[in-house]
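Trainee: I am new to this structure and would like a close look at a single part of it. Could you pick one helix and walk me through it, with enough of the surroundings to place it?

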Amino acid sequence: MTSTLERTGMPGHFGIRITSADKDKLVGELDADERHLNNSGHVHGGALAAFADDLGGRLAALNVEKGFRTTTIESKTNIFRACKAERLIGVSVPVHVGRRTIVLQTSIYRADGKLAAMMIQTQMVLPREPKSATDASA
């Protein structure tokens, strides 16, 4: 699966693209530019964490039954190398898929193929709430 739909919200603003996805592995790209940089000209740690969180959350959603959703309840990010404005690749895989929680590992690679960051996150599985009449009209 390749994401051809326009992403909205933070993923759209950041330019996060999903290039392939199934229950066992999700791959995404981020072309880091000035929006993602800190004052020293490197990709901000928060941008790396947001990229990883988005990919992990998307993968978690592929691993729940219809009528359920997930939300991040815990995450830890290790940053191993600085990244400059370049294409970053994120690879997310499930570590544990349970009925109540899903644990995912997302690795972010620089353009030179070196591991730049890794996030482990826990997603809680929740029933999807039905849309109310006021939600539909908003």
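Mentor: Happy to! A word on terms comes first: helices and strands here are DSSP runs, with at least four residues for a helix and at least two for a strand, numbered from the N terminus. Read that way, the protein chain runs α-β-β-α-β-β-β-β-α from its N terminus on, which comes to three helices and six strands. Please keep in mind that this is a predicted model.

Let's take helix α2, which covers residues 45–62. How far apart should its ends be? At 1.5 Å a residue, its 18 residues should span 26 Å, and the end C-alpha atoms are indeed 26 Å apart, so the expected and modelled spans agree.

Now look at which parts of α2 are covered. A residue counts as buried when its relative accessible area is under 20%. In α2 the buried residues are Ala47, Leu48, Ala50, Phe51, Ala52, Asp54, Leu55, Gly56, Gly57, Leu59 and Ala60. Asp54 is on that list, and Asp is counted among the negative residues. For the protein chain as a whole, buried residues make up 36% of the 138 residues.

Phe51 gives us a way out of the helix. One of the residues in contact with Phe51 is Glu29, which has its place in strand β2, residues 25–31. Glu29 has a relative accessible area of 17%, so it is buried. Besides Phe51, and leaving aside neighbours within four places in sequence, Glu29 is in contact with Gly15, Ile16, Arg17, Thr19, Arg87, Leu88 and Ile89.

For a second example, turn to strand β6, residues 115–127, where Thr122 lies. Thr122 has a relative accessibility of 15%, so it too counts as buried. Not counting residues up to four places away in sequence, Thr122 touches Thr71, Thr72, Ile73 and Glu74, along with Thr101, Ile102 and Val103.

Contacts across the sequence also show up in the totals: of the contacts in the protein chain with a separation of 6 or more, 61% are between residues 24 or more positions apart.

Finally, step back to the whole protein chain. Its C-alpha trace spans about 45 × 35 × 25 Å along the principal axes. A compact globule with 138 residues would have a radius of gyration near 14 Å, and the 16 Å of the protein chain agrees with that. The accessible surface comes to about 8,100 Å², and 52% of it belongs to carbon and sulfur atoms.

Notes
Residues are numbered from 1 along each chain as its sequence is written. This is a predicted model: local features need pLDDT of at least 70, side-chain atom pairs count only at pLDDT 80 or more; totals for chains, interfaces and linings use all residues. Side-chain values use heavy atoms; hydrogens and water are left out. The radius of gyration is taken over C-alpha atoms; the globule rule is 2.2 Å times the number of residues to the power 0.38. Buried means under 20% relative accessible area, exposed over 50%, partly exposed in between (1.4 Å probe, protein chains only). Contact means heavy atoms within 4.5 Å. Accessible areas come from the Shrake-Rupley method with a 1.4 Å probe; for residues, only the protein chains shown count as cover. The expected span of a helix is 1.5 Å times one less than its number of residues.
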